[in-house]
Amino acid sequence: MAEGEGLVLEGFLCPICKVDFGSAPKLLSHFEKEHNEDKDVIQAFKDFFDKAKNKILKNEMGSGVDSEVQTSRKVLGYSPSLYKPQPLGAVRSHMSYFNTVRSHHLEHYTVETNKLLIRLDKILKNLPSDPLKRKSHEQQVVPWVDEKMVRLCPSCSRSFHLARRKHHCRLCGFVMCNDCSYSLDLDVARKMTSPVSQVQAASEFHGSTSLQQLKRSNSNSSLNSVMSLVEGVHQKLDLGLRVCKECLHLLECREALRESRAARPILLQFYERLRSYMQDASQFLPTYITMCNSLSYGESTYQLKEAQALWAKLLRLAENIDSLSKKILVLGSADTENPPRGRALQLQQQIRAAATAFLRDEMLGLPSLPTEAKYLEMQEQRRQELKARIQEEEMEAQAAMQLQKQRKERNQDRSVHDERANAHQDTVLLDSGWTPEKARLFSSDDPMVQQMNNLKHYIKEAKLAQRVDEVEALERNLQELQEEYWRQQERKRQAAED
Amino acid sequence: MTGSAKKGLSSLLSKWRSDRKYTTFDFNPVATFSPFKMNCISAVKMYITKMTDESGPGMKVLLMDKETTSVVSMVYGQSEIQQREVYLFERIDAGNQEPMKHLKCIAFLRPTKENIHSLAMELRRPRYGSYYIYFSNITPKADIKTLAEADEQEVVREIQEFYGDFLAMGPHLFSLGIPISYQSSGWDHDILTRCVQGVTSVLLSLQKNPFIRYQNNSKMAKRLAETIRQVLSKESELFEFRQSGSPPLLLILDRRDDPVTPLLNQWTYQAMVHELLTINNNRVSLAHVPGVSKELKEVVLSAEQDEFYASNLYLNFGEIGQTIKELMDEFQKRSKSNRKLESIQDMKNFVEAYPQFKKMSGTVSKHVVLVGELASLMERYNLLEVSETEQELSCQEAHSQHLQHIRRLLANEKVRHEDAAKLVMLYALRYENHSSNDTGGLIESLKRKGVSDRLVKMVRTVVEYGGAHARQSDLFGHQDAVVQVTKRFFKDLRGVENVYTQHKPLLVETLEDLAKGRMKETSFPFLGNNSNVATKRSQDIIVFIIGGATYQEALSVHQINQTPSLGIRVILGGTTIHNSTTFLNEVDAASTRSRVQNL
């Protein structure tokens, strides 16, 4: 390869004239044309060329040197067979740390909230209607902070003067201005201090926890009658308790929590029923489909009646799902003043959409059961098929037997002296010839028959107990046993005839 | 409409076939591939499924941010997630006020400052009955504390990290949805952080604790690699997986090493749709197509939900046309047979077949419209001829011939300005240092053709972005004559499969080198002192390309995964998935910034 100038030439060079031809076929044709005087050289060159070609191609295929990877032209798309199920990726829970921080934090809140509730309860108890008396009563429960100590309102940091007077929070006793104070309605306050069970009872009785109704439910209490007297006399603020923002927030949070625990809107009840129907349906579906398939093949594993019952059940479920989801869709729309709007409406629509999708995907395409007549026909057909198969098998077995016989005879003819082998064959025949007799004699006590009887019994019991899975498994066992028994019997019969 | 589309299609098919100039050699197809356990889609999907499971039965709302919304929509269809009792979807930044105490809230959020803040506000005044919080990435303890203190009503039931912080574009393809990642001075801090989070979440979701190699000439690759390494060692507990066999490898590359691949016209279905119509989070807009029906204004192309798409996304245009035709024939046969519903039995059969029927009609019309649109674009802009020259430019060295071809195409009225500019860009890249380079002359012809200033300038910008100075690999095979000659040798031996798809991305060569242990440590060094690792071959490889990957590369990786002799399993990811338009935007943005900084 090295030339005189020490230059290294590479490429598709002709070994004789050292011209680069750029590609293999060109080089080969050039060589054949120009240097055809020496046949041996051509042959040698060709051999070398083939060898190189083979080697490179093989190499390419084996380890893919510059194979450009693609070996099959038709590229497959994604298919699930390419991917094994993988484990869930890494996860990390912060729950324990979160809990520690939260409970530490909440401890303070719970103590505070409870303190406020106790005070509230005390204030509400025997609350005098006279404003002056009331004030001293409130001060008795919660000591008020000395107002001279406070120059600025702690929440808006504005100074107090004639127009912006100082007020005390009735729950913590601290000072704030009028703008920063809130009024806690006494009825609401009373609701807060009453035990949970009482509130629930009241709300259940009236079907709502709205304020108006609560008031009515408590109307016979002495306190309320006192309040109704006061109502007209005092200013609006005096109706409630003056509280600061922080105390109000604490109480409200507790109230919201209590309410959300107690609340069970009608939508939720409907929805839970809908889900239970859907769960039932998806539970019955696979069973029905196997039953249906089996029946339409004319098999006797399942009773047609059972399948029909299941079908009816499924239909009923589908109807229920449909009507219930429709009910959810229109829930509250009769209330013309305040129909469900925005996200509430969207939620109802989505639930309905999910239910219809479920019905469409799971229930609509269900195969239908064969009719009674059709089923009988199928059964008959299957019986015929089975019979035909058995006969076929029989024929085959007989043919095989005959073949063996012929061969044996031939063998005997051909090699008389090979007696040992023949003797051996004879014994085999003799053995199999013995057993059927026995079997026939004790056929009723055959363990197989007993086993089959047992199985039939079990199946009956399982069917009574509505255990479809078990019935299925048992039926399969029984079928196998029966087939095996049949085969055994056939073999025995043949052997005996032989 | 279908009739005319079909007619156009068959004429096109015949054109495609007659345009195939070379014979094909079929080597024995790869028959067996063992399945493997790295699937981006299932990784994310399993996380979402787990979330819906953990919250138990009951109506649910899924609370997400902008990015996690895309993450979820890539793996779960709406009707599919409805069956898991998720009925409402809500953006955390939507500021919704309506309380619905009877709903359970699954919050799937990125752990950003804004999200933590909004979530803390939400917990202080909870609108839902209970909260199951999942962060898509590693969340600082301080943030957990903030939330715990906000949860005064004890509504939080779960708070966990589920590492679904990337867009699963396919089983072996992920994107971070960052359209522009370059800055002249290197990384933008926020984008670097997002990349680190994205890549580490991929590693965590697939349970991989890899060694890291990076492209040596790219400072950005090195910086990213180092930052990822820091996370791996800081969170070493999290990355303790039982790893059997060889250790996995994370390979970090820079788009600048191969600016050619994103510039080419594509001919495989998925890549072609993205190049010509743009796929955005699995969605393709067809609103501009005249006479398109309402429900096809925007179509979803998801391999998870569209079986036809899943099995055909890698076929080339000729093959997909054929398949569509068959599908249409069958559909017409069916719809015809369904039209004459004579007996009640007929109607019943029709109704029973209805779900499949409906599904099929949707699939057919969608793909017919798509392929029809592709075909008309290809016809209108003379794309076959353009593509042929592009492919030649990217694969062969033949200066005068190429110059002639480009000049001829520039003179052609049908050729789009974008395509013309891209041809000159490819020329400028290939013959950057050629003695008789005539980029200037071509730029003049572009101007004469009336190509916009921006595009004309882009020719120089692309060279600035990915010219010889920015590359470390031998993209065009100038230096290594032996490799070139053998390459040509093979091509002549086996014939070219298809003129329009002869280009193979540089990534293929890189991965083959890696598989055979030929990858040079000088070009792709290991991070840190890992001399003992170098001897071990990795089987599981995660490639991340700064500056975006392409669907063509995704296809190549798919093929590599199906080649058992290579013995590697690759997952490809990028800051985004580019087509030529988005790629040029990125190149442009990178350079404008640099120019501003230079001033």
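Helices, of at least four residues in the H or I state, and strands, of at least two in the E state, are DSSP runs numbered from the N terminus. The exercises below apply these labels to a predicted model.

**Exercise 1. Find the loop that holds E154(B), and decide whether this residue is buried, partly exposed or exposed.**

Solution. Start with the neighbouring elements: E154(B) is found in the loop between α6 (141-150) and β5 of chain B. Next consider the backbone, where E154(B) has a positive phi of about 50° although it is not a glycine. Most residues other than glycine have a negative phi. For the last step, the class "partly exposed" lies between the cut-offs of 20% and 50% relative accessible area, and E154(B), at 40% relative accessibility, therefore counts as partly exposed.

**Exercise 2. Carry out the corresponding analysis for N282(B), which lies in a loop of chain B.**

Solution. The loop in question runs between β10 (279-280) and β11 (283-285) of chain B. N282(B), which is not a glycine, has a positive phi of about 70°. Its relative accessibility is 9%, and because buried means under 20%, N282(B) counts as buried.

**Exercise 3. Work out the strand order of the open sheet of 6 strands, and explain which strands stand at its edges.**

Solution. Reading across the sheet, the order is β1(A)-β5(B)-β4(B)-β3(B)-β1(B)-β2(B), and the pairing is mixed. The edges are taken by β1 (91-93) of chain A and β2 (86-91) of chain B; each has a single partner strand, so one side of each is left without a neighbour in the sheet. From one strand to the next, the twist averages 25°.

A closer look at one pair follows. Strand β4 (residues 128-135) of chain B pairs with strand β5 (residues 156-162) of chain B in the parallel sense, over 5 bridges, and Y132(B) stands opposite E158(B) in β5(B). Finally, helix α3 (residues 95-124) of chain A lies across β1 of chain A together with β5 of chain B, running at about 140° to β5(B).

**Exercise 4. Which residues of the largest nonpolar core touch the most other members, and what does L224(B) touch?**

Solution. Among the 161 residues of this core, L224(B), I252(B), L511(B) and V543(B) touch the most other members. If residues up to four places away in sequence are not counted, L224(B) touches W187(B), L192(B), C195(B), V196(B), I252(B), F544(B) and I546(B). Another core, of 62 residues, lies apart from it and includes L304(A), A354(A), Y375(A) and L147(B).

**Exercise 5. Count the disulfides over all chains, and examine C247(A).**

Solution. The sulfur atoms of a pair must lie within 2.5 Å, and by this rule the count comes to 0 disulfides over all chains. For C247(A), the nearest cysteine sulfur is that of C244(A), 3.5 Å away, and C247(A) is in no disulfide. C247(A) is buried, with a relative accessible area of 6%, and C292(A), at 2% relative accessibility, also counts as buried.

**Exercise 6. How many helices and strands does each chain have, and what part of its residues is buried?**

Solution. Chain A has 17 helices and 5 strands, and buried residues make up 33% of its 498 residues. About 32,000 Å² of chain A is exposed, with 53% supplied by carbon and sulfur atoms.

Chain B has 22 helices and 16 strands, and 59% of its 599 residues are buried. The accessible surface of chain B comes to about 24,500 Å², of which carbon and sulfur atoms hold 49%.

Notes. Residues numbered from 1 in each chain as written. Chains lettered and ligands numbered in written order. Predicted model: local features only at pLDDT ≥ 70, side-chain atom pairs only at ≥ 80, totals over all residues. Heavy atoms only, no water. Pairing = 2+ DSSP bridges. Axes fitted to C-alpha atoms, helices over the stretch in contact; angles between N-to-C directions. Contact = heavy atoms within 4.5 Å. Core = buried A, V, L, I, M, F, W, Y, C linked by side-chain atoms within 4.5 Å. Buried < 20%, exposed > 50% of the residue type's maximum accessible area, 1.4 Å probe, protein only. Areas by Shrake-Rupley, 256 points an atom, 1.4 Å probe, with all protein chains shown as cover.
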